[in-house]
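Here is a short report on one chain, written to be read with the model open. Please keep the sequence and the 3D view at hand.

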Amino acid sequence: MNKDQESVSFRAPISADGAQVHNLVANCPPLDTNSIYCNLLQCTHFASTSVAAEINQELAGFVSGYLKPEQPDTLFIWQVAVGEPARGRGLATRMLSHILNRTDCQNVRWLETTITESNAPSWALFQSFAASLDADIQSSVLFDKQTHFNDKHESERLVRIGPIGL
């Protein structure tokens with residue numbers, strides 16, 4: 001079976017996915033790795049707003065997100081990771097759509113994430129995703145290189161897409 005014929009399954013992550021998620025993210029530079037404990041929390045506490053994508057029962061992609069506590073109409077996407085063998089299939093877009101189509105996200109009108117200026121693949125993904133939703137996209141600095149990262153990390157720009165689903 002060639003790679004275009006392989007079926008992808010999408011599901012809410014479970015705690016047993018934590019270590020695999022950690023390895024996937026580590027193999028997806030320039031993503032920042034988190035602790036395995038953090039990935040376990042993503043796979044449990046945020047399972048309803050995160051997605052694991054599998055090809056042949058192997059983790060091929062993962063999106064972690066959560067509804068902002070003070071803005072329940074806003075889904076914040078923490079990370080999008082797609083393993084090398086699964087790239088070029090629109091998997092990231094499909095995972096984002098999968099989350100937005102869940103019951104827990106029926107009231108979501110805004111999608112937010114942060115992206116560094118140099119992360120061209122993430123910019124392309126979210127600009128394309130905004131266009132597919134026929135939604136506006138705006139960005140502004142959220143975490144500044146000097147103020148928040150002591151010059152050890154690029155500034156993170158808050159990207160806000162919406163309104164969606166209206």
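Which residue forms a salt bridge with Glu84? The partner is Arg87, and the closest N and O atoms of the pair are 2.6 Å apart. Glu84 is exposed, at 55% relative accessible area. Arg87 is partly exposed, at 32%. Note that this is a predicted model.

**Overall fold**

The chain has five helices and seven strands. From the N terminus, the order is β-α-α-β-β-β-α-β-α-β-α-β. The radius of gyration is 15 Å, close to the 15 Å that the globule rule gives for 166 residues, so the chain is as compact as a globular protein of that length. Along the principal axes, the C-alpha atoms fill a box of roughly 45 × 40 × 30 Å.

Buried residues account for 43% of the 166 residues. The chain exposes about 9000 Å². Carbon and sulfur atoms supply 50% of that area. Take the contacts between residues at least 6 apart in sequence: 62% of them join residues at least 24 apart.

**Helix 3 and its packing**

Helix 3 covers residues 91-100. Its buried residues include Leu91, Ala92, Met95, Leu96, Ile99 and Leu100. An α-helix has 3.6 residues a turn, so residues three or four places apart point the same way. The buried residues of helix 3 pack against strand 1 (8-11), strand 2 (51-55), strand 3 (58-68), strand 4 (71-82) and strand 5 (110-116). They also pack against helix 4 (120-132).

**Salt bridges**

The structure holds six salt bridges. Side chains of opposite charge can pair when their charged atoms come close. Three of the bridges are set out here.

| Pair | Closest N to O distance |
|---|---|
| Arg11 and Asp17 | 2.7 Å |
| Lys68 and Glu112 | 2.8 Å |
| Glu84 and Arg87 | 2.6 Å |

Lys68 and Glu112 form a salt bridge. This pair links distant parts of the chain: Lys68 is in strand 3 and Glu112 is in strand 5, 44 residues apart. Why does Glu112 count as buried? Its relative accessible area is 3%, and buried means under 20%. Lys68 counts as partly exposed, at 23% relative accessibility.

Arg11 and Asp17 also meet through their side chains. Arg11 is partly exposed, with 23% relative accessibility. Asp17 is buried, with a relative accessible area of 4%. Glu54 joins the picture too: Arg11, Asp17 and Glu54 are linked in a network of salt bridges.

**A buried acid without a salt bridge**

Now turn to Glu156. It lies in strand 7, residues 156-162. Glu156 is buried yet has no salt bridge. How far away is the nearest side chain of opposite charge? That side chain belongs to Arg157 and is 9.4 Å from Glu156. A salt bridge needs a nitrogen within 4 Å of a carboxyl oxygen, so Arg157 does not qualify.

What does the side chain of Glu156 reach instead? It reaches the backbone nitrogen of Ile115 at 3.5 Å. Beyond its neighbours within four places in sequence, Glu156 is in contact with Asp32, Thr114, Ile115, Thr116, Ser140, Val141, Leu142, Phe143 and Phe149.

**Backbone points to check**

Two cis peptide bonds deserve a look in the viewer. One runs from Pro29 to Pro30, with omega near 15°. Pro30 sits in the loop between helix 1 (18-26) and helix 2 (36-44). Another joins Gly162 and Pro163, with omega about -5°. Pro163 is in the segment after strand 7.

Positive phi values turn up outside glycine as well. Phi of Gln57 is near 60°. Gln57 lies in the loop between strand 2 and strand 3 and is exposed, with a relative accessible area of 68%. Phi of Asp151 is also near 60°. Asp151 is in the loop between helix 5 (145-149) and strand 7. Its relative accessible area is 46%, so Asp151 is partly exposed.

**An exposed loop residue**

Is Glu70 buried or exposed? Glu70 is exposed, with a relative accessible area of 76%. Its place is in the loop between strand 3 and strand 4. The C-alpha atoms of Glu70 and Ile36 are 27 Å apart, while the two residues are 34 residues apart along the chain.

Note on methods: Residues numbered from 1 in each chain as written. Predicted model: local features only at pLDDT ≥ 70, side-chain atom pairs only at ≥ 80, totals over all residues. Heavy atoms only, no water. Helix = DSSP H or I, 4+ residues; strand = E, 2+ residues; numbered from the N terminus. Buried < 20%, exposed > 50% of the residue type's maximum accessible area, 1.4 Å probe, protein only. Lys, Arg positive; Asp, Glu negative; His and termini not counted. Polar contact = N/O pair within 3.5 Å; in protein donor to acceptor, adjacent residues only side chain to side chain. Contact = heavy atoms within 4.5 Å. Rg over C-alpha atoms; globule rule 2.2 N^0.38 Å. Areas by Shrake-Rupley, 256 points an atom, 1.4 Å probe, with all protein chains shown as cover.
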